[in-house]
Amino acid sequence: MMHFLLLLSRQGKLRLQKWFTPVTEREKKKVIREMTLMVLACPPRSCNFLLWRDLKIVYKRYASLYFCCGLGDQDNELLTLEVLQRYVELLDQYFGNVCELDIIFNFEKAYFILDEFLVGGEILETSKTVVGIAMEEAETLQETMEEYMSKPTY
Amino acid sequence: MSPSVRLQEMIRVIRGARTQGEERGVIQRECAAIRAQFRQADNGTRSHNLAKLLYVHMLGYPAHFGQMECVRLIASPRYNEKRVGYLGAMMLLDEKQDASLLITNSIKNDLSHSSQYVQSLALCTLACMGSAEMCRDLAPEIDRLLRASNSYIKKKAALCAVHMVRKVPELGELFTPAARSLLSEKNHGVLHGAVVLITELCERNPDTLEQFRKAVPELVLMMKGLVMSGYSPEHNVAGISDPFLQVRILRLLRILGRNNDTASDAMNDLLAQVATNTDSSKTAGSAVLYETVLTVMDIKSESGLRVLAVNILGRFLLNNDRNIRYISMTSLQKIVQTDHNAVQRHRGTIVDCLKDQDASVKRRALELSLALVSAVNIRSLMKELLLFLSSCPPELRAHTTSGIFNAAERYAPSQRWHIDTILHVLTTAGGDVRDETVPNLIQLITTATELHCYTVHKLYRALITDISVQSLVQVACWCIGEYGDLLLRGECEETEPVQVTEDDVLDALETVLQSHMSSPATRGFALTATMKLSTRITHNVDRIRSIVSIYGSCIDVELQQRAVEYNALFKKYDHMRAAVLERMPVIDKSSPGHTNGESAGGTIKELEPAKLTQEIVLPQEPSNQVSEENDCSKLWYFMTDIFLFVSIAPPSVTVYEKNGVTLKLQTDRQTDTGMTVTLTATNSTDGDITGLTLQAAVPKSVQLQMKAPSGDVIPAHGLGQVTQTVLLNNPNKVGLHSDTVQIDSFPSTAW
């Protein structure tokens with residue numbers, strides 16, 4: 001199973017963090033710091049797999065963001081590269097030509113999309129279209145609520 | 001103004017802050033506003049305030065005051081508030097927080113909500129941070145959802161069940177029947193969840209594993225369907241149909257087929273089909289092939305299939321993509337023990353990967369190369385490894401050196417090759433070798449008796465070039481001390497001899513002694529070596545004497561002690577000096593004294609066993625106690641801090657010879673930890689010696705028992721002798737103090 005998924009900017013700022021195991025706040029900060037150092041130091045075109053503590057780290061750079069996740073020892077590293085690719089495609093599908101700013105200003109949407117794709121460290125849905133439909137319908141439900149809330153009461 | 005714009009406005013303001021201090025100020029103001037809003041009654045902006053707080057939390061600021069707000073929002077009937085509330089719960093609460101228990105009831109209610117999106121929120125949160133208690137509480141709900149709901153909920157319930165089984169393994173029994181029936185679903189999401197759940201159940205419970213073995217044919221069919229199916233736009237990734245599901249099925253098959261012939265047979269054809277038909281030009285295909293190879297190697301597959309798998313790995317090894325090469329080497333590492341010959345065929349490519357730029361690839365290539373060393377390829381492979389060592393990244397150096405030493409020890413084709421290899425490593429990376437390298441090398445050198453001249457020449461040349469590598473300098477000093485006479489002789493068969501004078505050699509040793517680069521241990525080696533040379537050179541003994549006396553007032557206590565003792569050897573016990581500083585015998589590798597050096601770090605005490613020189617400490621005897629007269633003498637014989645050295649042939653050694661009185665020590669072995677020492681005193685003077693008493697002192701770990709002497713009068717003219725037996729009990733054979741070694745150096749038969 002995946003232990004965590006982090007999105008780091010090129011300047012080392014955290015853009016998204018998802019933890020699939022219980023970790024204390026202090027430990028989280030430590031892991032983030034170490035991942036930032038490790039991943040940002042890798043030269044371009046180097047191997048995307050690293051070893052850290054007892055986890056396998058798979059990272060991939062997309063434009064200005066580093067997607068970094070920690071795997072257990074039974075997990076398939078090559079498949080995880082595909083998982084990261086799929087998540088980027090889902091973000092792209094939702095935002096349309098996604099860039100880092102989209103993820104900064106709409107971070108909660110990025111989390112919602114992630115929750116339709118990965119749950120408990122495992123892949124939930126392998127079809128892009130199904131995830132897209134789920135997001136749309138949830139949005140509709142939310143908008144209906146908001147419209148209702150913002151309508152004047154008369 | 002729509003509330004969500006306020007969130008984005010806040011983000012914009014925070015990003016606009018030019019300094020860390022400014023940012024902190026903005027955030028403090030915002031947090032204060034948020035806290036105020038939380039205290040107010042429901043005003044429709046709660047979800048946005050919580051979202052703002054979550055953003056602030058992601059920047060690293062404390063946000064624990066939002067925990068109760070999460071609980072409140074989760075309980076709200078509005079979907080948008082629930083959504084943010086659950087997100088907040090996943091980010092701010094974990095099972096260690098007390099507040100997490102408060103949401104259990106909300107989750108329970110939401111699991112039976114009419115809207116599937118609300119249900120999914122609850123399921124997702126439970127699967128993310130559900131504690132063991134919550135899991136036990138809600139397991140029956142999850143079981144119900146696994147059976148009777150739509151596929152959107154079923155797949156989420158499956159992964160929720162996976163989380164529960166991980167937290168509370170006993171719940172596995174509850175979910176097993178539902179898991180079984182999920183395999184007949186058509187929806188890929190549900191199937192994937194089912195396969196993950198079954199994998200988890202089988203890994204934890206061998207009975208469940210037995211049960212699910214019956215499902216192998218079903219899984220095989222499922223997999224076949226995926227591999228052979230035509231293009232399916234919904235699940236296609238680079239020409240592979242749903243690689244995520246394929247990989248999970250292969251992983252489950254691996255677990256089911258392990259150690260089981262029937263199950264392995266049933267999947268043989270399928271695995272061959274996948275291995276042959278999968279297109280590996282893109283990562284997705286390679287991922288599936290990788291998992292296939294892992295499965296083939298782990299189950300009881302037939303040999304043809306294994307060969308196919310190893311060939312796939314060999315193909316991966318030649319791939320341009322670094323990731324694929326890395327994966328290939330990882331897998332080859334797993335099978336190098338069982339399929340050694342197959343992996344050997346790819347040795348050339350693996351060794352080439354040592355030269356790759358990437359650190360991860362280098363590390364894998366190193367591990368694999370070390371595993372491939374054999375008696376046949378040792379020479380060529382070692383050349384490559386030594387080349388690698390000269391350019392390898394610092395974090396790999398220690399591992400490389402120890403790997404090289406292990407390989408050299410096991411497969412060295414000749415002693416000279418072995419010594420050359422170790423010296424090469426010390427010159428290249430002497431700072432990264434383990435501490436026991438020095439005693440190991442010294443032991444090796446003593447055994448290679450024909451190579452002493454060659455070795456001392458090589459080490460002398462290395463020493464005058466560079467004295468910064470401590471391990472090399474220590475060995476060089478030891479060799480020069482021991483075999484300095486060979487060096488000075490100026491002739492050597494194996495290598496070009498050096499023409500050095502005694503002064504040159506002493507200069508070299510003194511440089512080491514005085515250099516601030518030398519560690520205390522190294523200086524100890526140099527001092528002892530200088531001392532040993534006093535019996536091997538002819539002209540400059542005075543120079544040695546003066547060096548030794550200077551160090552008698554050295555600040556370093558160890559050096560000072562040595563210098564004082566050597567001084568004593570020069571002054572009072574000059575007659576013993578030659579015997580004490582004589583050539584050492586071959587050190588037996590299995591002796592405890594040898595292993596003593598391997599036990600802990602490289603301080604002087606632990607390294608001393610390798611030296612095994614005879615150093616008898618005879619304290620300054622008060623002059624009134626030692627008289628020139630024959631009728632009363634007392635000998636104080638301290639055994640602390642000695643390395644007593646006895647050559648193999650004669651089992652007795654003369655330890656005192658003065659004024660006609662000779663004291664001999666003879667050893668007999670008795671038990672594993674005890675021994676008998678017989679002290680024999682003879683008198684070659686004209687008069688009888690009366691009133692003879694012998695005393696001995698030993699360190700705390702050794703117990704001493706002195707039997708009564710045969711008499712206290714030694715007759716004159718060597719006509720008789722007095723014997724006294726001493727029983728030594730040394731229960732702690734391996735100890736930190738050198739005293740232990742002293743017992744060891746008695747004839748090998750004695751211990």
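The legends below accompany a set of close-up views of a predicted model.

**View 1. Chain A, from end to end.** Welcome to chain A, whose secondary structure comes to five helices and seven strands. Read from the N terminus, its elements follow the order β-β-α-β-β-β-α-α-α-β-β-α. The C-alpha trace of this chain spans about 60 × 30 × 30 Å along its principal axes. Chain A has 154 residues, and 60% of them count as buried. If you take the contacts in chain A between residues at least 6 apart in sequence, 49% of these join residues at least 24 apart.

**View 2. A buried salt bridge in chain A.** Here A:Glu100 pairs with A:Arg15 in a salt bridge, and their closest N and O atoms are 2.8 Å apart. The two residues come from distant parts of the chain: A:Glu100 belongs to helix H3 (residues 100-105) of chain A and A:Arg15 to strand S2 (residues 14-19) of chain A, 85 residues apart. Are these partners buried or exposed? Both A:Glu100 and A:Arg15 are buried.

**View 3. A salt bridge between two helices of chain B.** In this view the side chains of B:Lys52 and B:Glu30 meet, with 3.8 Å from N to O. B:Lys52 sits in helix H3 (residues 46-58) of chain B and B:Glu30 in helix H2 (residues 20-39) of chain B, so the salt bridge ties together parts that are 22 residues apart in sequence. The relative accessible area of B:Lys52 is 8%, which makes this residue buried. B:Glu30, with 22%, is partly exposed.

**View 4. A helix and a loop of chain B joined by a salt bridge.** The side chains of B:Glu384 and B:Lys355 form this salt bridge, at 3.6 Å from N to O. B:Glu384 is found in helix H23 (residues 378-391) of chain B, while B:Lys355 is in the loop between helix H21 (347-353) and helix H22 (359-372) of chain B, 29 residues apart. B:Glu384 is partly exposed, at a relative accessible area of 25%.

**View 5. A salt-bridge network with members from chains A and B.** Salt bridges that share partners bring A:Glu122, B:Arg166, B:Glu200, B:Arg204 and B:Arg248 into one network. For the wider setting, a search of the whole structure finds 47 salt bridges over all chains. Side chains of opposite charge can pair when their charged atoms come close.

**View 6. The largest cavity and its lining.** The structure holds 16 cavities of 30 Å³ or more, and the largest has a volume of about 230 Å³. Its lining is made of 21 residues, with A:Trp19, A:Lys28, B:Met90, B:Leu93 and B:Cys128 nearest the centre. The elements that give two or more residues to this lining are S2 and helix H1 (25-41) of chain A, together with helix H5 (79-92), helix H8 (116-129) and helix H10 (151-167) of chain B. Sorted by class, the lining has 11 nonpolar, four polar and six charged residues.

**View 7. The second largest cavity.** This cavity has a volume of about 180 Å³. It is lined by 17 residues, and those closest to its centre are A:Asp75, A:Leu79, A:Thr80, A:Ile123 and B:Arg248. B:Arg248 is also a member of the salt-bridge network in View 5. At least two lining residues each come from helix H2 (77-95) and strand S7 (122-123) of chain A and from helix H15 (243-257) of chain B. By class, there are seven nonpolar, five polar and five charged residues in the lining.

**View 8. B:Ile142 in the largest nonpolar core.** Which of the 281 residues in the largest nonpolar core touch the most other members? They are A:Tyr87 and B:Ile142. Helix H28 (residues 470-489) of chain B gives this core its largest share, 11 residues. Leaving out residues up to four places away in sequence, B:Ile142 touches B:Leu111, B:Leu123, B:Leu126, B:Ala157, B:Cys160, B:Ala161, B:Met164 and B:Phe175. In soluble globular proteins, nonpolar side chains tend to be buried together.

**View 9. A mostly covered helix in chain B.** Helix H4 (residues 67-74) of chain B has eight residues, six of them buried. The buried ones are B:Gln67, B:Glu69, B:Cys70, B:Val71, B:Leu73 and B:Ile74. Their packing partners are H2, H3, H5, helix H6 (99-102) and helix H7 (104-111) of chain B. Two of these helices are familiar from View 3, where H3 carries B:Lys52 and H2 carries B:Glu30.

Technical notes. Residues are numbered from 1 along each chain as its sequence is written. Chains are lettered from A and ligands numbered from 1 in the order in which they are written. This is a predicted model: local features need pLDDT of at least 70, side-chain atom pairs count only at pLDDT 80 or more; totals for chains, interfaces and linings use all residues. Side-chain values use heavy atoms; hydrogens and water are left out. A salt bridge is a side-chain nitrogen of Lys or Arg within 4 Å of a carboxyl oxygen of Asp or Glu. Helices (H or I, at least four residues) and strands (E, at least two) are DSSP runs, numbered from the N terminus. Buried means under 20% relative accessible area, exposed over 50%, partly exposed in between (1.4 Å probe, protein chains only). On a 1 Å grid over the protein atoms alone, a cavity is a set of points where a 1.4 Å probe fits but cannot get out, and a pocket is an open set with protein on both sides within 12 Å along at least five of seven lines; lining residues have an atom within 4 Å of a point. Grid points are joined across faces, edges and corners, and a volume is the space filled by probe spheres set on the points. Ala, Val, Leu, Ile, Met, Phe, Trp, Tyr, Cys and Pro count as nonpolar, Asp, Glu, Lys and Arg as charged, and the others, Gly among them, as polar. A nonpolar core is a set of buried Ala, Val, Leu, Ile, Met, Phe, Trp, Tyr and Cys residues joined through side-chain atoms within 4.5 Å. Contact means heavy atoms within 4.5 Å.
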